[in-house]
Amino acid sequence: MTLISRASPSCRVLTDLTRCTIRRSGVCGLAKNAEASRMKETCVSFSSSSRYSAKISQLLHLDNAGIGIRRGRRSIVAASPPTEDAVVVTEPLTKEDLVGYLASGCKPKEKWRIGTEHEKFGFEFGTLHPMKYEQIAELLNSIAERFDWEKVMEGDYIIGLKQGKQSISLEPGGQFELSGAPLETLHQTCAEVNSHLYQVKAVAEEMGIGFLGIGFQPKWGLKDIPVMPKGRYEIMRNYMPKVGSLGLDMMFRTCTVQVNLDFSSEADMIRKFRAGLALQPIATALFANSPFTEGKPNGYLSMRSHIWTDTDNNRAGMLPFVFDDSFGFEQYVDYALDVPMYFVYRKKKYIDCAGMSFRDFLAGKLPCLPGELPTLNDWENHLTTIFPEVRLKRYLEMRGADGGPWRRLCALPAFWVGLLYDEDSLQNVLDMTADWTTGERQMLRNKVKERVNSSGWKKAIQNVV
């Protein structure tokens, strides 16, 4: 999901708003905001280096420039990320470039947007078995034809759809994900979700397919889950058992809903990051929705949350360093540089670099690509392979909630927007959690996924809520 507008150096204005439009589907779509031209765009310079500015410009210009093949009214686009061959490194990237990339997400409050992502499990009505890839491909092709989406291909396989700033993608076990457009209001995000679910249901019911909004696959084991034909997932599938006991469960049997939010400055990012991390366990508890495993109660309110505790602790968790006095964009870059890589994308193929160092890549010493230097596109890809409870890109992702039914998909963005986009609420959260220790935050994270029976813990959680 890309919440931040892929702007040119002149900083284009985000103009997508949701409105109801009469089409064949009769559902809500996206349209241009005619009043956007009246909004004053503000750009913030994070480096006086013309070399750095050229690198950021290069990435932002090319980031959406994937090669498309027009077929009839629809087009087929190459699998994301499509632009690595177009990015030519003329000078090595520096740590300053990586810091500046994150800082380039800062924007004035009037440009803040709300992005929502959610995943769901598809199943056959007759057998309750998970959808096979062939059924998923038919579903994607039918949605593209009926509702005018562009197809996203990886080789000969359809792996997703794009329409404006929205995209539909597949998680490793066929979990069906909508990554929504950056929108101005909660009403628009809810209309977007409603439109998506209408379209999916209209096609899926004709195929005898249903969808379940829940945080963990409640019935089937790993051996029953299909594997999607995406190169990055094959690399992750081979690597996960080396670094944790539950990584494959995370890949193939979990679903989440998350909200992506903007920040105005480094200081604003820090405040929202800290508030988001401190309260992420509360969101986990409120949206807990994964109590079954292979047809039986599993002893957890959120099995999905438990799975993240032993997936890969090098790239997941509560990030205690965010609460250090020295924290900022640079410190997050230092953390991300030390998170082991998964892959590098070259010539429309994923190259296995699992466990290798992005620091070595910066120095041209990556074993899987000796002598080659990274692009900002490589850095952007690497950031997507880090999975903490709150993740920083050029926006902040709140990642602690289980997948759920329609009303919860609308409720999660309302929860976080109310807390983080309102200055009084944000300050109240920071004041309330200011004296929490690293151990207390982690204990809360560990406890909320379970059935909380301790009266002391219940009272503590109720006081925060």
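These legends accompany an overview and six close-up views of a predicted model.

**Overview. The protein chain of the predicted model combines helices and strands.**
The chain holds 15 helices and 19 strands. Of its 465 residues, 57% are buried. Among contacts with a separation of 6 or more, 74% link residues 24 or more positions apart. The accessible surface comes to about 19600 Å². Carbon and sulfur atoms account for 52% of that surface.

**Close-up 1. Helices α7 and α14 pack against each other.**
Two packed helices are described by the angle between their axes and the distance between the axes. Here α7 spans residues 266-286 and α14 spans residues 438-448. Their axes lie 9 Å apart, at an angle of about 10°. Angles under 35 degrees count as roughly parallel, and α7 and α14 are therefore roughly parallel to each other.

**Close-up 2. Residues of α7 meet residues of α14.**
From α7 come A278, P281, I282, T284 and A285. On the α14 side stand R441, L444, R445 and V448. The residues of this contact divide into six nonpolar, one polar and two charged.

**Close-up 3. Strand β19 is largely enclosed by the rest of the structure.**
Strand β19 covers residues 396-402. Seven of its seven residues are buried, so the strand is largely enclosed. Strand β11 (residues 256-261) pairs with β19 in the antiparallel sense, over five bridges. Strand β18 (residues 390-392) also runs antiparallel to β19, joined by three bridges. A hairpin of three residues connects β18 to β19. Which residue of β19 is the bridge partner of N260? The partner is E397. E397 is also the bridge partner of R391. In this view, E397 thus has a bridge partner in N260 and another in R391.

**Close-up 4. Strands β15 and β16 form an antiparallel pair.**
Strand β15 runs over residues 343-346, and β16 over residues 349-352. Four bridges hold the pairing. V344 stands opposite I351 in β16. Two residues lie between the strands in the hairpin. There K347 takes a positive phi near 50°. In a regular strand the side chains alternate between the two faces of the sheet. On β15, F343 and Y345 lie on one side, V344 and R346 on the other. These four residues are all buried, and both faces of the strand are covered.

**Close-up 5. S169 sits in strand β8.**
The strand covers residues 166-170. Is S169 buried or exposed? S169 is buried, with a relative accessible area of 19%. The cut-off for buried is under 20%, so the value of 19% for S169 falls within it. Beyond its neighbours within four places in sequence, S169 contacts I159 and G160. Q175, F176 and E177 are also in contact with S169.

**Close-up 6. V227 lies in the loop between β10 and α5.**
Strand β10 spans residues 209-212, and helix α5 spans residues 231-239. V227 is partly exposed, with a relative accessible area of 35%. Which residues does V227 contact, leaving aside its neighbours within four places in sequence? The contacts are P172, R237 and F252. G173 is 54 residues from V227 in sequence. In space, V227 and G173 are 5.2 Å apart, C-alpha to C-alpha.

Key:
Residues are numbered from 1 along each chain as its sequence is written. This is a predicted model: local features need pLDDT of at least 70, side-chain atom pairs count only at pLDDT 80 or more; totals for chains, interfaces and linings use all residues. Side-chain values use heavy atoms; hydrogens and water are left out. Buried means under 20% relative accessible area, exposed over 50%, partly exposed in between (1.4 Å probe, protein chains only). Contact means heavy atoms within 4.5 Å. Accessible areas come from the Shrake-Rupley method with a 1.4 Å probe; for residues, only the protein chains shown count as cover. Axes are lines fitted to C-alpha atoms, for helices over the stretch in contact, and angles run from 0 to 180 degrees between N-to-C directions. Angles under 35 degrees count as roughly parallel, over 145 as roughly antiparallel, 65 to 115 as roughly perpendicular and the rest as oblique. Ala, Val, Leu, Ile, Met, Phe, Trp, Tyr, Cys and Pro count as nonpolar, Asp, Glu, Lys and Arg as charged, and the others, Gly among them, as polar. Two strands pair if DSSP finds at least two bridges between them.
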